[in-house]
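Reader: Please take one buried polar site in this model and look at it closely, and then set that site in the context of the whole chain. I would like a connected account rather than a list.

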Amino acid sequence: MTVAGGCRCGAVRYELAVDALPPVYACHCHQCQRWTGSAFSLQALVPEQALSISGPVEVYEKTTDDRTSTQRICGTCRSRLYNTNTRRPGVAVVRAGTLDDSERLDCRAHIYIAYKQDWVILPDGIPTFEEAAPAAEFLTILTRSW
């Protein structure tokens with residue numbers, strides 16, 4: 001099975017060689033709020049080798065003290081599609097809103113809720129983390145379908 005997605009103008013398309021829509025998480029940090037212009041970003045972790053992409057993709061790298069994040073964006077409409085980073089080799093962080101069936105996504109966690117907008121109400125029963133989630137626990141929550 002494959003799961004498909006793409007940018008808002010249609011110039012870039014991608015496929016994920018996975019069995020089902022990947023589980024997602026919401027990040028409420030200020031970086032994600034600024035990247036999206038919204039209250040949070042919705043993201044899915046997928047094995048990087050499961051991702052194939054076509055179209056005019058541009059690469060943007062951002063280096064901080066502890067990692068380099070390599071962003072992939074549409075070269076036409078500038079939609080942010082996915083990124084990889086040096087702290088999680090082999091993992092692609094897909095912007096879940098770019099998936100074709102995004103209305104069917106299963107949000108399994110909320111991170112950096114210390115920065116959550118006051119008007120955002122989180123559902124009961126979903127794991128939440130004030131800041132970053134502990135890596136092992138977070139990967140367990142999000143990679144059950146791998």
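Author: In this predicted model, a good place to begin is the side chain of N83, which makes a polar contact of 2.3 Å with the side chain of R95. The side chain of N83 is also joined to that of S69, by a polar contact of 3.2 Å. N83 itself belongs to strand β8, which covers residues 80–85, and because its relative accessible area is 5%, under the 20% cut-off, N83 counts as buried. When residues up to four places away in sequence are set aside, N83 touches S69, T70, Q71 and R72, and also V91, A92, V93 and R95.

One of those partners, Q71, deserves its own description. Q71 is placed in strand β7, residues 68–74, and with a relative accessibility of 3% Q71 is buried. The side chain of Q71 reaches the side chain of S69 in a polar contact of 2.8 Å, and S69 is also the residue whose side chain is in polar contact with that of N83. Beyond residues up to four places away in sequence, Q71 touches W35, E58, V59 and Y60, together with R80, Y82, N83 and R95. R95 is thus touched by Q71 and is also among the residues that N83 touches.

On the other hand, N83 also touches A92, a residue of strand β9. A92 is buried, its relative accessible area being 0%. Apart from neighbours within four places in sequence, A92 is in contact with A44, L45, V46 and E48, and with Y82, N83 and T84. A further relation across the chain concerns A92 and L51, which are 41 residues apart along the chain while their C-alpha atoms are separated by 7.9 Å.

From this polar site one can pass to the nonpolar interior. The largest nonpolar core has 21 residues, and those that touch the most other members are Y14, L16, V94 and L99. Two or more residues of this core come from each of β2 (13–16), β4 (41–47), β8 and β9 (91–95), and β8 is also the strand that holds N83. Y14, leaving aside neighbours within four places in sequence, is in contact with V3, A4, G5 and G6, with L51, S52 and I53, and with L81, V94, R95, T98 and L99. R95 therefore appears both in this list for Y14 and in the 2.3 Å polar contact with N83, where N83 is buried because its relative accessible area is 5%. Apart from this core lies another, of 14 residues, including A109, I111, A133 and L142.

The neighbourhood of Q71 also leads to a salt bridge, since Q71, buried at 3% relative accessibility, touches E58. The side chains of E58 and R78 form a salt bridge with an N to O distance of 3.3 Å. This pair links distant parts of the chain, with R78 in the loop between β7 and β8 and E58 in strand β6 (residues 57–63), 20 residues apart. Both partners are partly exposed: R78 has a relative accessible area of 47%, and E58 one of 34%.

The structure holds five salt bridges, and two others may be described here. The side chains of D101 and R104 meet at 3.5 Å, N to O; D101 is partly exposed at 33% relative accessibility, whereas R104 is exposed at 55%. R108 and D106 are joined through their side chains at 3.0 Å, N to O, where R108 is buried at 18% relative accessibility and D106 is partly exposed at 40%.

Set against the chain as a whole, the site lies within a fold of two helices and 10 strands, whose elements run β-β-β-α-β-β-β-β-β-β-β-α from the N terminus on. The radius of gyration is 15 Å, close to the 15 Å that the globule rule gives for 146 residues, so the protein is as compact as a globular protein of that length. Along the principal axes, the C-alpha atoms fill a box of roughly 40 × 35 × 30 Å. Of the 146 residues, 44% are buried, and of the contacts between residues at least 6 apart in sequence, 50% join residues at least 24 apart. The protein exposes about 7900 Å², of which carbon and sulfur atoms supply 49%.

Definitions and conventions: Residues are numbered from 1 along each chain as its sequence is written. This is a predicted model: local features need pLDDT of at least 70, side-chain atom pairs count only at pLDDT 80 or more; totals for chains, interfaces and linings use all residues. Side-chain values use heavy atoms; hydrogens and water are left out. Helices (H or I, at least four residues) and strands (E, at least two) are DSSP runs, numbered from the N terminus. Buried means under 20% relative accessible area, exposed over 50%, partly exposed in between (1.4 Å probe, protein chains only). A polar contact is a pair of N or O atoms within 3.5 Å; within protein, one must be able to donate a hydrogen and the other to accept it, and residues adjacent in sequence count only if both atoms are side-chain atoms. Contact means heavy atoms within 4.5 Å. A nonpolar core is a set of buried Ala, Val, Leu, Ile, Met, Phe, Trp, Tyr and Cys residues joined through side-chain atoms within 4.5 Å. The radius of gyration is taken over C-alpha atoms; the globule rule is 2.2 Å times the number of residues to the power 0.38. Accessible areas come from the Shrake-Rupley method with a 1.4 Å probe; for residues, only the protein chains shown count as cover. A salt bridge is a side-chain nitrogen of Lys or Arg within 4 Å of a carboxyl oxygen of Asp or Glu.
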